[in-house]
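Here are my notes for you on this structure. Keep the viewer open while you read, and look up each residue as it comes up.

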Amino acid sequence: MSVLVYINSNGEKLAKSAFEVVTYAKKIGEVTVVTNGKADDSKLAQLGKYGASKILVDRSFDGIDEQQIMRMVATAAEKVGANTIIFSDDLIGKAVAPRLSVKMNAGLITGANGIPKDDGTVPVSVFSGKAFGFVKVNTDKKIIALLPNSIQPEETGSEATIEEFAGNAGDTRVKVKETKLPDGDIPLPEAELVVSGGRGLKGPENWALITDLAEVLGAATACSRPVSDSDWRPHHEHVGQTGVAIAPNLYIAAGISGAIQHLAGVNRSKVIVVINTDAEAPFFKAADYGVVGDAFEVLPRLTEAVKKFKA
Ligand code: FAD
């Protein structure tokens, strides 16, 4: 079966989600990747190791205009005869997949978090990660959007051929005036370790408690929504239902109550550590390790302990 995967290759390096979607697609069939922009061949060739046999690159446009990407992916699907198209369920995937589904008259499955079963049923995450669902579409063509961090990228040792192609992407009405990258070396959705703070930290002047621990651990920093709404921290750090969804190996939450909307974005973390003065805080129910204590005392001690451990 021919499976087409869209990846965004505009960044300095390929995102982890690119390797995830290729690994996922390889479990379904023969994988062709389609992308656009100026990515060099050596960067794209890495996808071969994860199961892509062919990579189609449309160099006529860069950027992330969803209309252009949709037209390019539709052209690629026709070219390779793919009936299954995979996106990462990230900002671009959320914008392009539904549009493509209408254009191609294809059934759309979003929030996928597992490999399709033999009968085509796809496991999905529903109710903000509180439950699993199983979805089957009866159309010939189907589009699946895979939640980031749902599966581990796996190397298969294959090799990919890279082919320039014309995706008939058409014009764009979007003019990019400026591109701003978030501060920090570790993009939050890809971080293995995350240290996060909530309203319990009282104000932005206390954020060194979070950033110091993050620095010694080599972690990314995150926050609850009221923290970013109050401009204590930038909006791209806000995790949860209305923010970034993450699934790191370790999530340390200090001064965060654990509201359901917060948990929706962090409950796929492998290990959750909660620091809260209130032993009844709901977050403790979702925690693997809990410290009932004052973040102003616990965080500096934790930072010192990690420093000693690393020395
Ligand atoms: P609080 O609820 O005020 O909790 C602060 C916690 O800090 C308390 O548990 C307190 O015991 C503890 N604390 C106080 N002092 C200390 C101390 N010295 N040391 C340790 N602990 C201390 N929220 C999100 O985070 N992400 C979302 O995406 C999101 N989306 C939402 C969408 C909708 C539609 C709605 C209605 C709400 C959403 N919210 C979201 C808000 C959410 O409901 C909560 O209000 C929010 O998560 C609470 O943030 P908090 O835990 O930082 O603050």
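The points below start at the ligand and then move to other parts of the chain.

1. Before anything else: this is a predicted model. Keep that in mind with every distance and percentage below.

2. Let's start with the ligand. Which residues come closest to the ligand? There are 27 residues around the ligand, and the closest are Ser224, Thr242, Ser257, Gln261 and Asn276. Try selecting those five by name in your viewer.

3. Three of these names deserve a second look, so to speak. Threonine 242 has a polar side-chain atom 2.8 Å from a ligand nitrogen atom. For glutamine 261, a polar side-chain atom is 2.8 Å from a ligand oxygen atom. Asparagine 276 also points us to a ligand oxygen atom, with a polar side-chain atom 2.7 Å away. As for cover, the ligand on its own would expose 980 Å², and the protein buries 75% of that.

4. Where does the ligand sit? Its place is the second largest pocket. Four elements give two or more residues each to the shell around the ligand: helices α6 (225-229), α7 (260-266) and α9 (295-310), plus strand β13 (271-276).

5. What kinds of residues make up that shell? The split is 15 polar, seven nonpolar and five charged.

6. Now go to helix α1, residues 16-26. Nine of its 11 residues are buried, so the rest of the structure largely encloses this helix. The buried ones are Ser17, Ala18, Phe19, Glu20, Val21, Val22, Thr23, Tyr24 and Ala25. Notice that Glu20 is on that list.

7. Next, a loop residue: is threonine 121 buried or exposed? You'll find threonine 121 in the loop between β5 (107-112) and β6 (122-126). Its relative accessible area is 11%, and buried means under 20%, so threonine 121 counts as buried. The side chain of threonine 121 also makes a polar contact of 2.6 Å with the side chain of aspartate 119.

8. Compare that with lysine 177, in the loop between β9 (161-164) and β10 (193-197). Lysine 177 has a relative accessibility of 83%; the cut-off for exposed is over 50%, so this residue counts as exposed.

9. One last thing to try in the viewer: how far apart are lysine 177 and proline 282? Along the sequence they are separated by 105 residues, and in space their C-alpha atoms are 43 Å apart.

How values were computed:
Residues are numbered from 1 along each chain as its sequence is written. This is a predicted model: local features need pLDDT of at least 70, side-chain atom pairs count only at pLDDT 80 or more; totals for chains, interfaces and linings use all residues. Side-chain values use heavy atoms; hydrogens and water are left out. A residue is near a molecule or strand if one of its heavy atoms lies within 4 Å of it. A polar contact is a pair of N or O atoms within 3.5 Å; within protein, one must be able to donate a hydrogen and the other to accept it, and residues adjacent in sequence count only if both atoms are side-chain atoms. Accessible areas come from the Shrake-Rupley method with a 1.4 Å probe; for residues, only the protein chains shown count as cover. On a 1 Å grid over the protein atoms alone, a cavity is a set of points where a 1.4 Å probe fits but cannot get out, and a pocket is an open set with protein on both sides within 12 Å along at least five of seven lines; lining residues have an atom within 4 Å of a point. A molecule sits in a cavity or pocket if more than half of its atoms lie within 2 Å of its grid points. Ala, Val, Leu, Ile, Met, Phe, Trp, Tyr, Cys and Pro count as nonpolar, Asp, Glu, Lys and Arg as charged, and the others, Gly among them, as polar. Buried means under 20% relative accessible area, exposed over 50%, partly exposed in between (1.4 Å probe, protein chains only).
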